[in-house]
Amino acid sequence: MTGHDITGGTELTFAALLPEPGQAFARSWWGRAWLKALEDTALDGRQVKAGRKHARAGAVGAVSVRPGRITALVRDRDGTSYRSDVMLQELSAADWNRLLDLVADRAGHIAALLDHDIPPHLAEDALAAGVELLPGIGDLEPECGCGAWDHCPHTAALCHQVARILDQDPFVLLLMRGRGERELLDELQSRNSARTTAHAPEPSAEVASGVPAHEVFAAGFLVPPLPGPPPPVETAGRPPVLSGDTAPAPGLDAGALEFLVADAAARARRMLAEALAPGHERSPVGEELNLWQDTVRLAASGPPAAVAARLASGCGRDRPGLAQAVRAWGHGGPAALSVLEDEWTPGAEELTRAHAQLTAAREGGTTPALRASRNRWTVVGSDTQLRYGRDGRWWPYRKESGRWQPAGPCEDDPATALAALLTEGSQED
């Protein structure tokens with residue numbers, strides 16, 4: 001989806017979007033925050049729901065975005081079209097100055113914007129600096145040709161359509177706040193260059209100025225080439241048998257040592273395969289496992305009974321607790337283990353995202369009644385539960401013998417996770 005620039009960056013026009021039945025209007029957290037501002041601003045929630053239906057039916061025409069205002073023709077059910085506008089206050093010059101200084105000071109913020117992303121900590125940092133980047137209660141002011149003085153189905157439909165646009169291009173929000181993408185990036189480049197110059201070390205006669213890059217590349221034939229990568233390993237090496245002359249010192253468990261050596265060989269083979277895979281250099285580096293996570297990983301690899309017993313006694317958990325953790329690990333590794341043990345209260349941003357997903361699921365008529373407790377939604381009258389992870393994914397759980405047990409891998413959509421959970425439960429019955 002691309003906006004057509006008709007005024008040198010101060011106005012963008014987006015063609016009418018095709019309807020997407022069953023799809024959420026906002027997938028990004030900032031898109032959901034935009035819709036939350038609409039819901040909090042509108043005095044009549046029925047108008048918001050009617051607008052969502054209008055937008056879903058494809059009633060919104062081309063959307064014009066410019067500083068402080070969005071505009072579109074919205075077709076009513078009887079075929080009448082109304083010009084609908086929604087106003088959002090522009091940031092002041094002082095606000096823009098603080099925001100641009102904040103972004104220019106942090107390379108991560110610049111990288112995120114270049115990737116068309118607004119990370120939550122950027123919005124939080126802006127708010128801490130006194131700049132409200134995202135709209136809040138009362139910030140989306142409606143104006144419609146139908147004569148309504150509050151949000152009507154037409155302005156609500158426009159806001160829902162803009163949420164889809166924001167998902168793809170968060171710079172649209174910044175344009176509404178007063179600055180276009182090109183202007184912003186040029187200003188950030190200017191400020192970043194000024195900071196680099198200001199912090200550059202003073203030249204010194206004692207410090208060598210370095211070697212020009214063209215000289216290094218020209219002399220490349222003098223440098224021996226790098227060795228080729230090692231060949232892939234099909235199977236991990238077999239561990240030694242620690243008995244007889246190779247028995248370990250008294251007090252050491254030979255079986256446990258053999259198991260750890262075999263595990264190290266298997267991990268080394270897997271790491272080599274990952275390193276040789278195409279695109280490995282662009283893959284993110286995973287976080288190092290802590291002691292408990294590594295214990296669960298070892299227990300999940302199928303150790304001998306004696307080693308499994310030692311793992312259970314050494315981790316300070318009972319056997320059922322370790323088995324529960326191993327079950328979670330099998331469904332999603334460290335992330336699944338975190339959801340098993342981490343009971344937390346979602347903040348405003350996470351709640352907005354969760355409620356938006358659940359609302360979309362209810363509109364499809366597939367979600368039963370749920371009772372919420374912190375990040376856990378239990379199906380009323382059932383031994384089934386969804387847990388909401390800090391990464392915005394949903395994990396199915398089922399109560400077995402009085403203990404909540406992981407019941408499957410995560411899903412981005414709560415309706416999908418719950419449908420699989422309930423279907424599996426009915427088959428077991």
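Biologist: How many disulfides does a search of the whole structure find?

Modeller: This is a predicted model, and two of its cysteines illustrate the result. The sulfur of Cys144 has its closest cysteine sulfur in Cys146, at 3.6 Å, which is too far for a bond when a disulfide requires the two sulfur atoms to lie within 2.5 Å. For Cys159 the closest cysteine sulfur belongs to Cys152, and the separation of 9.7 Å is again too far for a bond. Over the whole structure, the number of disulfides found is zero.

Biologist: Is Cys144 buried or exposed, and what is the relative accessibility of Cys159?

Modeller: Residues under 20% relative accessible area count as buried. Cys144, with a relative accessible area of 12%, is therefore buried. Cys159 counts as buried too, and its relative accessibility is 0%.

Biologist: What is the secondary structure of the chain, and what share of its residues count as buried?

Modeller: The secondary structure comes to 15 helices and 11 strands. Among contacts in the chain with a separation of 6 or more, 63% are between residues 24 or more positions apart. Of the 429 residues of the chain, the share that count as buried is 39%.

Biologist: Which term describes the orientation of helix 1 and helix 6 to each other?

Modeller: Two packed helices are described by the angle between their axes and the distance between the axes. Helix 1 covers residues 29-41 and helix 6 covers residues 153-168; their axes are 8 Å apart and the packing angle is about 165°. Angles over 145 degrees count as roughly antiparallel. Helix 1 and helix 6 are therefore roughly antiparallel.

Biologist: What is the handedness of the crossing of helix 1 and helix 6, and how many residues of their contact are nonpolar?

Modeller: Helix 1 passes helix 6 in a right-handed crossing. Helix 1 contributes Trp30, Gly31, Trp34, Leu35 and Leu38 to the contact, and helix 6 contributes Ala156, Cys159, His160, Val162, Ala163, Leu166 and Asp167. By class, two residues of this contact are polar, one is charged, and the number of nonpolar residues is nine.

Biologist: Which term describes the orientation of helix 3 and helix 5 to each other?

Modeller: The axes of helix 3 (residues 93-104) and helix 5 (residues 120-128) come within 10 Å and cross at roughly 135°. An angle counts as roughly antiparallel over 145 degrees and as roughly perpendicular from 65 to 115. The crossing angle falls in neither class, so helix 3 and helix 5 are oblique.

Biologist: Which residues make the contact of helix 3 with helix 5, and how many of them are charged?

Modeller: Helix 3 passes helix 5 in a right-handed crossing. The contact is made by Leu99, Leu102 and Val103 of helix 3 together with Leu122, Asp125 and Ala126 of helix 5. By class, this contact has five nonpolar residues, no polar residues, and a number of charged residues equal to one.

Biologist: Which residues does Pro120 touch, not counting residues up to four places away in sequence?

Modeller: Pro120 lies in helix 5 and is partly exposed, with a relative accessible area of 28%. Its C-alpha atom is separated by 8.6 Å from that of Glu349, although the two are 229 residues apart along the chain. Not counting residues up to four places away in sequence, Pro120 touches Trp29 and Glu349.

Biologist: What is the value of phi in Arg374, and what is it in Ser401?

Modeller: Most residues other than glycine have a negative phi. Arg374, in the loop between strand 7 (370-373) and strand 8 (376-379), is partly exposed at a relative accessible area of 42%. Ser401, in the loop between strand 10 (394-400) and strand 11 (403-406), is exposed at 84%. Phi is positive in both residues, about 60° in Arg374 and near 55° in Ser401.

Biologist: How far apart in space are Trp394 and Ala417, C-alpha to C-alpha?

Modeller: Trp394 lies in strand 10 and counts as buried, at 0% relative accessibility. In sequence, Trp394 and Ala417 are 23 residues apart. In space, their C-alpha separation is 6.7 Å.

Biologist: What distance separates the C-alpha atoms of Glu287 and Pro334?

Modeller: Glu287 lies in the loop between helix 10 (254-276) and helix 11 (291-300). Glu287 is exposed, with a relative accessible area of 77%. Along the chain, Glu287 and Pro334 are 47 residues apart, and their C-alpha atoms are separated by 9.6 Å.

Methods
Residues numbered from 1 in each chain as written. Predicted model: local features only at pLDDT ≥ 70, side-chain atom pairs only at ≥ 80, totals over all residues. Heavy atoms only, no water. Axes fitted to C-alpha atoms, helices over the stretch in contact; angles between N-to-C directions. Helix = DSSP H or I, 4+ residues; strand = E, 2+ residues; numbered from the N terminus. Parallel < 35°, antiparallel > 145°, perpendicular 65-115°, else oblique. Left-handed = near helix turned anticlockwise from the far one by under 90°. Contact = heavy atoms within 4.5 Å. Nonpolar A, V, L, I, M, F, W, Y, C, P; charged D, E, K, R; others polar. Buried < 20%, exposed > 50% of the residue type's maximum accessible area, 1.4 Å probe, protein only.
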